[in-house]
Amino acid sequence: MAGFDQRGIDENSPVFAIAMAAELSGMHPQTLRQYDRLGLVSPRRTAGQSRRYSMRDVVQLREIARLSAEGLNLEGIRRILDLENQVSALQARVRELESALADELLNRPGRRVFAAREGGDIVPLRAGERVRKQNEVVVWRPF
């Protein structure tokens with residue numbers, strides 16, 4: 001299941017107060033506040049507007065610390081995190097579409113039969129039909 005670890009704990013649940021998130025990530029609470037202001041990590045807020053961090057936020061904070069230690073500036077880190085989030089979203093979408101396609105193929109067997117010609121053209125076929133093969137002879141002579 002997406003968002004759950006092997007113990008069934010939701011990694012997106014906002015359960016950590018700022019002091020605990022700071023300890024888990026190895027950062028000072030003021031650094032976490034600054035990263036929130038910059039939009040690098042966006043913890044959820046309680047009704048009283050205090051920050052609540054998820055395990056996913058803590059992992060992202062550790063990644064920020066690692067990238068910063070490698071010499072990247074905060075804008076570079078933000079760009080990397082944005083791209084990684086886009087990749088994750090696209091991977092989830094691909095999995096969703098693959099699942100939908102598999103369901104569709106199971107529900108309508110034989111409806112989506114096709115072949116590809118040598119030139120790359122797609123040829124629709126009826127179920128059980130084969131592509132007509134060409135019997136041309138081509139002589140190849142290397143230079």
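Here are four short exercises, with worked solutions, on a predicted model of a protein chain.

**Exercise 1. Get your bearings: how many helices and strands does the chain have, and what is their order from the N terminus on?**

Start with the count: there are 4 helices and 4 strands. Next, walk along the chain from the N terminus, and you'll meet the elements as α-α-β-β-α-α-β-β. Now look at burial: 19% of the 143 residues count as buried. Last, take the contacts between residues at least 6 apart in sequence; 42% of these join residues at least 24 apart.

**Exercise 2. Find out which residues of helix H2 are buried, and why they line one face of the helix.**

First, pick out H2, which covers residues 29–38. Its buried residues are Leu 32, Tyr 35 and Asp 36. Now look down the axis of H2: these buried residues fall within an arc of 105°, so they sit along one face of the helix. A handy reminder here is that an α-helix has 3.6 residues a turn, so residues three or four places apart point the same way.

Then ask what covers them. The cover includes helices H1 (18–25), H3 (55–69) and H4 (74–107), and also strands E1 (44–45) and E2 (51–52). Before moving on, peek just past the end of H2, where Gly 39 takes a positive phi of about 85°.

**Exercise 3. Describe how H1 packs against H3: what are the angle and the distance between their axes?**

Step one is the geometry: the angle is about 45°, and the axes lie 9 Å apart. That angle makes H1 oblique to H3. Step two is the handedness, and here H1 crosses H3 in a right-handed way. Step three is the list of partners: H1 brings Ala 21, Leu 24 and Ser 25, while H3 brings Val 58, Leu 61 and Arg 62. Sort the residues of this H1–H3 contact by class and you get 4 nonpolar, 1 polar and 1 charged.

**Exercise 4. Do the same for H3 and H4: at what angle do they pack, and which residues make the contact?**

Again, begin with the axes: H3 and H4 pack at about 135°, with 10 Å between their axes. The two helices are therefore oblique to each other. Their crossing is right-handed. On the H3 side, the contact uses Arg 56, Gln 60, Glu 63, Ile 64, Leu 67 and Ser 68. On the H4 side, you'll find Ile 77, Ile 80, Leu 81, Glu 84 and Asn 85. By class, the contact of H3 with H4 comes to 5 nonpolar, 3 polar and 3 charged residues.

Note on methods:
Residues numbered from 1 in each chain as written. Predicted model: local features only at pLDDT ≥ 70, side-chain atom pairs only at ≥ 80, totals over all residues. Heavy atoms only, no water. Buried < 20%, exposed > 50% of the residue type's maximum accessible area, 1.4 Å probe, protein only. Arc of directions from axis to C-beta. Contact = heavy atoms within 4.5 Å. Axes fitted to C-alpha atoms, helices over the stretch in contact; angles between N-to-C directions. Parallel < 35°, antiparallel > 145°, perpendicular 65-115°, else oblique. Left-handed = near helix turned anticlockwise from the far one by under 90°. Nonpolar A, V, L, I, M, F, W, Y, C, P; charged D, E, K, R; others polar.
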